[in-house]
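Subject: Handing over the model

Hi,

Here is the structure I promised to pass on to you. Please have a look at it first, and then read on for what I found.

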Amino acid sequence: MPISLELANDNAFYHNNFMTGGYPQLVEYDPAYPNVGNVFSLPLPVGGNYWSTSSCSDANHDGICDSSVLFQGGVDELPWSARSGWVGPGVAGPDQFIECPATQQVNVTLNGSGSSDPNAFLWTWSDGTNTYTATGPAPTITLPFGGPTMSPFR
Ligand SMILES: [Ca+2]
């Protein structure tokens, strides 16, 4: 969802998830109604926003993209690499040891309910070849025998 700025001055926009929702640009800006003094990030550890339209590399894995997000009428100098990246790291709960049946795979329900933002869960794991994802605070996923170590993310 975009924001539209017309004659809007001296605002600070940070910790927003700017998602496309089909809009081509997330900040609408009309040069006929210029804005001054708006910022789209604050010094770390606050940072800026998450932009779903922006590709992001984060070489040092600090959660902040290596490049600014530029758009007409503004710049986010410290964009977050993940949705709601400013929320603390996920809490996966205690380890689970689940016996694998003869089918060589098992359904496992994850539990991230202890995390601080249950609406922004993203789980990722890898089998060494492919990377998989699931969303939500308690997804049920199918894992193979000897399955991977799971990591919950915000
Ligand atoms: Ca970084």
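To begin with a small puzzle: which residue in S9 does Leu-122 stand opposite? The partner of Leu-122 is Thr-135.

Before the details, two notes on conventions. This is a predicted model, in which local features need pLDDT of at least 70, side-chain atom pairs count only at pLDDT 80 or more, and totals for chains, interfaces and linings use all residues. Residues are numbered from 1 along each chain as its sequence is written.

**Overall picture**

The protein chain has zero helices and 11 strands (helices are DSSP runs of H or I with at least four residues, strands are runs of E with at least two, and both are numbered from the N terminus). Of its 154 residues, 18% are buried. Here a residue is buried if 20 or more other C-beta atoms lie within 10 Å of its own, exposed if 12 or fewer, and partly exposed in between, with C-beta atoms placed from the backbone. Contacts are pairs of residues whose C-beta atoms, placed from the backbone, lie within 7 Å. Among the contacts with a separation of 6 or more, 67% are between residues 24 or more positions apart.

As for confidence, pLDDT is the predictor's own score for each residue, from 0 to 100. The protein chain averages 83, and 86% of the residues score at least 70. Among the elements, S4 has the highest mean pLDDT, at 93, while strand S11 (residues 151–153) has the lowest, at 50. Where pLDDT is low, the predicted coordinates should not be read in detail.

**The S8–S9 hairpin**

Back to the opening pair. Strand S8 (residues 122–126) pairs with S9 in the antiparallel sense, over five bridges (two strands pair if DSSP finds at least two bridges between them). The two form a hairpin with four residues between them, and in the turn Gly-128 has a positive phi of about 95 degrees. Strand S9 (residues 131–135) lies largely in the open, because the number of buried residues among its five is zero.

**S7 and S10**

Another antiparallel pair is S7 with S10, again joined by five bridges. Asn-107 stands opposite Thr-142 in S10. Strand S10 is hardly covered, with a count of zero buried residues among its five.

Two residues are good places to look at this pair. Val-108 lies in strand S7 and Ile-141 in strand S10 (residues 140–144). They are 33 residues apart in sequence, yet their C-alpha atoms are 5.4 Å apart in space. Val-108 counts as partly exposed because it has 15 C-beta neighbours inside 10 Å; Ile-141 is partly exposed too, with 16. Leaving out residues up to four places away in sequence, Val-108 touches Gln-96, Ile-98, Thr-140, Ile-141 and Leu-143. On the same basis, Ile-141 touches Val-108, Leu-110 and Ala-134. For one further distance, the C-alpha atoms of Val-108 and Pro-139 are separated by 8.2 Å, with their positions 31 residues apart along the chain.

**The nonpolar core**

The largest nonpolar core has 12 residues in all, among them Phe-18, Tyr-50, Trp-51, Ile-64, Leu-78 and Trp-80. Such a core is a set of buried Ala, Val, Leu, Ile, Met, Phe, Trp, Tyr and Cys residues joined through C-beta atoms within 7 Å. Ile-64 is in contact with Gly-47, Asp-58, Leu-78, Trp-80 and Ser-81, leaving aside its neighbours within four places in sequence.

**Backbone points to check**

Three spots in loops may interest you.

- The peptide bond from Leu-44 to Pro-45 is cis, with omega near 15 degrees; Pro-45 lies in the loop between S3 and S4.
- His-61 is not a glycine, but has a positive phi of about 55 degrees. His-61 sits in the loop between S4 and strand S5 (69–71), and is exposed, with 7 other C-beta atoms within 10 Å.
- Ser-84 also has a positive phi, near 55 degrees, in a residue other than glycine. Ser-84 lies in the loop between strand S6 (74–76) and strand S7 (105–109), and is partly exposed, with 19 other C-beta atoms within 10 Å.

Best wishes

Definitions and conventions: Two residues are in contact if their C-beta atoms, placed from the backbone, lie within 7 Å.
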